[in-house]
Amino acid sequence: MKATTETAMVTKVLKIAACVGLLMSALFPPQRALATWATENCHGGGWGRETWKRSQADDYAMRAVGEGYEFGGGCYKLNGYDDTPNTATDGGGEGADCSGFTFKTWALKSQLGSGAGFHFWEHRKNIHGPYSTWAYYDPAPSYPFRLISKAYSATAFMDALTERHPDWGHVALIHQEGSSGSDYIVHARNNTMGTELRYLPYRSDADYRAVAREGWTAECYPSRCG
Amino acid sequence: MSAGNSRRRLLVAGLVAGLAIGAAVGATSLTGASSEGPQGAPPVILHVARVLADPGVDLELMAGLACPGGPLDACAVDSAVAHVLSSGSTGWTDVDGTPDGRGFRFVVPGASVAEDGLSYWLEFAIGGGGHVTFPEGGAASAFHVVTTAGLPEVEWPGGFDFAALRASDDVVAQLRYGDDTSQVGRVGGVGDEQPLGPSSFDVAPDGSIHVADWVHRRLLVLSPRGAYRRTVPLPVSRPVDVAVGANGELAVTTLGLGATAFELGVDGRVIGRYGVGTGVAERIALTPGGPHVWVGPAQWAPVRSRVGVALPTEAQSRGLASAVPGRDGTVALSQDLADGRVAFVWARPDGSRAGAVLRLPSGVQPGVDYFVRGLPDGGAIAARGLWSEMGEAVALLRFTSGGGLASAELIAPPTHEMDAAASALRFRAPDEVLAVFADEHGIRFERFEVEG
């Protein structure tokens, strides 16, 4: 009789405790899940490479469309949706921010102003790189990109358009040139929109400058160009 | 072991078990199942449809490509052709596309650009012998291009200076950022996050102002003088654009791929809900035939056959048009041409065609096409963005019935924080323009009477 009573009590305690545990986890799951998202999903690597074409960069950028945005982030899971939607800014979720997205798409090296050459970063590599929007907006001579004219005749796909204000900035990549001061833009927009492809009038916006990466590998490579 | 210790250990064990179960459920719901991008998906065609061209002059068309979820090679586009039907001819001619960047360029010879215009559609050969057409209906829903034949050419009057901006006549309304009923939402504006305020507005026939507050999923309705009237809740996220119909009915679309368009009665009740099956929705217009959603540059898709009955995706694609009538049924449009010129075409009240070709000052480029609106006197008002390396402004243009330029003024560009950029500046009858400007506290609607 005593054993039966104790068994019932144990069962009761276990049930109550489990309920409390479930309740607590229901109240606080996002924080716990977010804290582990990057460490669980971002195991990509990176390596130097001799060549990087605009078309390769464009393919790289377009694969991230539909994924998330993360201020200061850089990791994409590439499953077609934002794994961590509506998370707090800098909350450790999926996606790059606009400058990190440009850094990875342009295959830049992780050391500021480290000259020519390319460094490929896997989408799942959680790296932002050393360049903020300030850097793209006002590049130092040692940086591997430079300001160019905003005229359609001066730009090509995978050049960037960038603006910088005292409190915020943005940098976006041209996927396909449009008209009337607009273009098909691929960019890490913000925490609400994620990484998107949109037709936007950045080119005609007086706040924007055009900036081009230097040293692209010719599209005809390795065939003989001409 | 005491009974108390035993109970505490059981309690801890139960808590750990419960937390583990809950965490697993939480993580699953947050991260979802992993899946790779679609394989063998057809390419998405990115095309800025043409609506106007110069007769007898080569017409250049561009079509970009995107391959959902993968590199462009995965869509295996082998070649592209523009099928062109010159007005007056009986057969389609083919213009081969040449690879250009991430897409194709087509040059329609001037001989095919007849004075009465032409029609065209694009066809892309993909791997395995398949084809993708754009618009989807092919010849049956080809884009129609009218020409500038017979339109007078006018020059920008006097000197041009981006800094010589006309001040507004007055501030009609102001809305502060915030969560109260009569305030509008705003996000971002820190670090690398673009700020986004309310996404668009439209003006009703009675002059009242309807603001799309996507943050709070609602519309704010202001009187013609800017007094707060009411809030209309919306049953969707990201309502990016709003249009008001001839009788005060409303249409709203959400943003992006797979968007949803709504029709709402005057009382704000949802009377129709329609999936947008093609393109990236960003704007909406209410025509006498129902709502049309902007799904790409100069591409408007009908979304319903009658109130409450959605059009299937195929029918939406077949109905794609490069221009749609306004709520009063009249058509007016604008198109940038080569050599720094912009064409404007509108219908006079008697149905005849009017228009003009504006030659811009050297180095000045046409920007955002806000609107062209025909007026009862046969003339028109147009608002067109202008830009160069030196600056940016909006030209307010008043045309006479004969196409003469009665007035041309520059105003400051509206806020760039409205996501439906072309909906940040609107015509308000009989002869004024409302533009939205923003600062750190909120937005304000300024009124510009158009002279002439």
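These notes cover the confidence of a predicted model and the lining of its second largest pocket.

1. Overall confidence. The predicted model has an ipTM of 0.87 and a pTM of 0.87. For chain A the mean pLDDT is 87, with 82% of residues at 70 or more. Chain B averages 88, and 91% of its residues score at least 70.

2. Weak stretches. In chain A, pLDDT is below 50 over residues 25-34, a stretch with 15 contacts in the model beyond near neighbours in sequence. In chain B, residues 1-39 stay under 50, and the model gives them 49 contacts beyond four places in sequence. Where pLDDT is low, the predicted coordinates should not be read in detail.

3. The pocket and its centre. The second largest pocket has a volume of about 1,000 Å³. It is lined by 45 residues, and those closest to its centre are Tyr152(A), Gly178(A) and Ser179(A), together with Glu60(B) and Asp336(B).

4. Strands in the lining. From chain A, β7 (169-177) supplies at least two lining residues. In chain B, β1 (44-47), β3 (59-66), β26 (332-337), β29 (365-374) and β30 (380-388) each do so too. The largest contribution comes from β3(B), with six residues.

5. Position relative to the domains. Which domains of chain B give residues to the lining? Domain 1 (3-147) and domain 2 (155-246 + 328-449) both do, so the second largest pocket lies between them.

6. Character of the lining. By residue class, the lining of the second largest pocket holds 17 nonpolar, 16 polar and twelve charged residues. Glu60(B) and Asp336(B) are among the residues closest to the pocket centre.

Conventions
Residues numbered from 1 in each chain as written. Chains lettered and ligands numbered in written order. Predicted model: local features only at pLDDT ≥ 70, side-chain atom pairs only at ≥ 80, totals over all residues. Heavy atoms only, no water. 1 Å grid on protein atoms, 1.4 Å probe; cavity = no way out; pocket = protein on both sides within 12 Å on 5 of 7 lines; lining within 4 Å. Points joined across faces, edges and corners; volume = space filled by probe spheres on them. Helix = DSSP H or I, 4+ residues; strand = E, 2+ residues; numbered from the N terminus. Nonpolar A, V, L, I, M, F, W, Y, C, P; charged D, E, K, R; others polar. Domains from an automatic or database assignment. pLDDT = per-residue confidence, 0-100. Contact = heavy atoms within 4.5 Å.
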